[in-house]
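Colleague: Could you take me through this model, one feature at a time?

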Amino acid sequence: MAWALKLPLADEVIESGLVQDFDASLSGIGQELGAGAYSMSDVLALPIFKQEESSLPPENENKILPFQYVLCAATSPAVKLHDETLTYLNQGQSYEIRMLDNRKIGELPEINGKLVKSIFRVVFHDRRLQYTEHQQLEGWRWNRPGDRILDIDIPMSVGIIDPRANPTQLNTVEFLWDPSKRTSVFIQVHCISTEFTMRKHGGEKGVPFRVQIDTFKENENGEYTEHLHSASCQIKVFKPKGADRKQKTDREKMEKRTPHEKEKYQPSYETTILTECSPWPEITYVNNAPSPGFNSSHSSFSIGEGNGSPNHQPEPPPPIADNLLPTSTPQEAQQWLHRNRFSTFSRLFRNFSGADLLKLTREDVIQICGPADGIRLFNALKGRMVRPRLTIYVCQESQQLQELQQKHEDGDAVTSTFFVYHAIYLEELTAVELTEKLAQLFSISSQQISQIYKQGPTGIHVLISDEMIQNFQDESCFVLDTMKAETNDSYHIILK
């Protein structure tokens, strides 16, 4: 009986132990889930989970990136879980970006013991401003003569070699570095986000920027043109100490939210990891042309040499909207997409040749890319020429006289005379440009044209100036008369 009474007791002990184990296991699961809700944000913030924004092929989604760049500035706590991080910076303050070699053993052995080149850019995050970037930066240059948008704080930086800043590219700096050695570069952003906001009333919301880093290795010709890696992050720049106030405001707002609402937002990280992205679309890299500065004298591109004088106009950017040809290979079509700011869709059109893209209808492109980008891509594919700023028509007076004489000899009416005019298209609206176009028309050198005059009231000869050309009416007609100049082989041209 004693043995029989102990059996249920033992069962109760076992059953009680199982219940406790089960409760403990449930408690553990709850704790793991609770911790996971926090750590999951850390995981989601890693670059490999941001590939949907970088337009990279699927096979690259789980790869370990060869380099990693870390901006030593805290991210905002007021960013939703699946959105890109946002980091606030103070204008002119030096911020460290750590350049980390993240390669596995045996990966990219060709750069072992060699230098690589990184190009830093501060660019617009909003696509609307990206389309007008050149005009926006030119306006900033006029308002802030002598200043640069991006600089390197050289005394604080470690491991950077031969830093350069092109005077005509205020938002770009570049340098060489050795991946096997510790490298940290301190950058300063001198523009603020509200400088590119339309002024309507007080308290305008500033526009976000992007800090993008493109890294290249040396090719067989000694030029740093072979792309290795690109990454970027979103920032906003405030007046001095404004970033600290904004960070504090965001933190206080988050503290007032309920625990349920807080779960929808990322925690604030102490540093910002730049996420992988497509390389910056620049024709220089596509054509494997050397980057300016590294093959020229050191004095021409050195930090602190920015010439922001409004009278010093930068060289015009290379044309973006070049025409895509039906004979273009898929690789050339990909390059065309990058040059024309369609990198987002490069994966979708990875196997498309030039002929394949040109066969797409307007409806096809809109369905694939959406209304805004679809219409822009369709217009770029059609490659319509931009209308010139001014068109004038000219006819040589000698041709008119010859035709009139011939008509009189033949006994035909003068009113039926047919004169041939030539169209001249002007873009710069300068006297120099008009001289060059007229020289081409006469098949002579522009040096052979001494002066150009316009016949004014009572037959006076008015010297053509840039301002006069800018006030010409579009599609005006002129008869050209030539007059021998005082010097040999030189002519004056009169517009009648």
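Modeller: Gladly; we will go from the overall make-up to a sheet, a helix and a few single residues. This is a predicted model, where local features need pLDDT of at least 70, side-chain atom pairs count only at pLDDT 80 or more, and totals for chains, interfaces and linings use all residues. Residues are numbered from 1 along each chain as its sequence is written, and side-chain values use heavy atoms, with hydrogens and water left out.

Colleague: How many helices and strands are there in the protein?

Modeller: The protein has 13 helices and 18 strands; these are DSSP runs numbered from the N terminus, H or I of at least four residues for helices and E of at least two for strands. Of its 496 residues, 41% count as buried, where buried means under 20% relative accessible area, exposed over 50% and partly exposed in between, with a 1.4 Å probe and protein chains only. Among contacts (heavy atoms within 4.5 Å) between residues at least 6 apart in sequence, 70% join residues at least 24 apart.

Colleague: Now the sheet. In what order do the six strands come?

Modeller: The general idea is that strands of a sheet pair through backbone hydrogen bonds, either parallel or antiparallel. Here, two strands pair if DSSP finds at least two bridges between them. The order is β14-β13-β17-β18-β15-β16, in an open sheet with mixed pairing. At its edges are β14 (422-426) and β16 (461-463), each pairing on one side only. From one strand to the next, the twist averages 40°. Strands β15 (residues 449-455) and β16 run antiparallel and are joined by three bridges; Lys454 has Val462 of β16 as its bridge partner.

Colleague: Which strands does helix α12 lie across?

Modeller: Helix α12 (residues 431-442) lies across β13 (390-396), β14, β15, β17 (476-484) and β18 (491-495), and runs at about 150° to β14. Such angles run from 0 to 180 degrees between N-to-C directions, with axes fitted to C-alpha atoms, for helices over the stretch in contact.

Colleague: And which residues of α10 are buried?

Modeller: An α-helix has 3.6 residues a turn, so residues three or four places apart point the same way. In α10 the buried residues are Asp373, Gly374, Leu377, Phe378, Ala380 and Leu381. Down the axis of α10 they fall within an arc of 165°, so they line one face of the helix; the arc is that of the directions from the helix axis to the C-beta atoms. These buried residues pack against α2 (127-131), α7 (330-339), α8 (354-358) and α9 (362-369). On the other side of α10, Pro371 and Ala372 are exposed.

Colleague: Is Lys217 buried or exposed?

Modeller: Lys217, in strand β9 (residues 209-218), is buried, with a relative accessible area of 15%. Its side chain makes a polar contact of 2.7 Å with that of Glu110. A polar contact is a pair of N or O atoms within 3.5 Å; within protein, one must be able to donate a hydrogen and the other to accept it, and residues adjacent in sequence count only if both atoms are side-chain atoms.

Colleague: What is the phi of Glu475?

Modeller: Most residues other than glycine have a negative phi, and most peptide bonds are trans. Glu475 has a positive phi, near 60°. Glu475 lies in the loop between α13 (466-470) and β17, and is partly exposed at 42% relative accessible area. Asp162, in strand β6 (residues 160-164), also has a positive phi, about 55°, although it is not a glycine.
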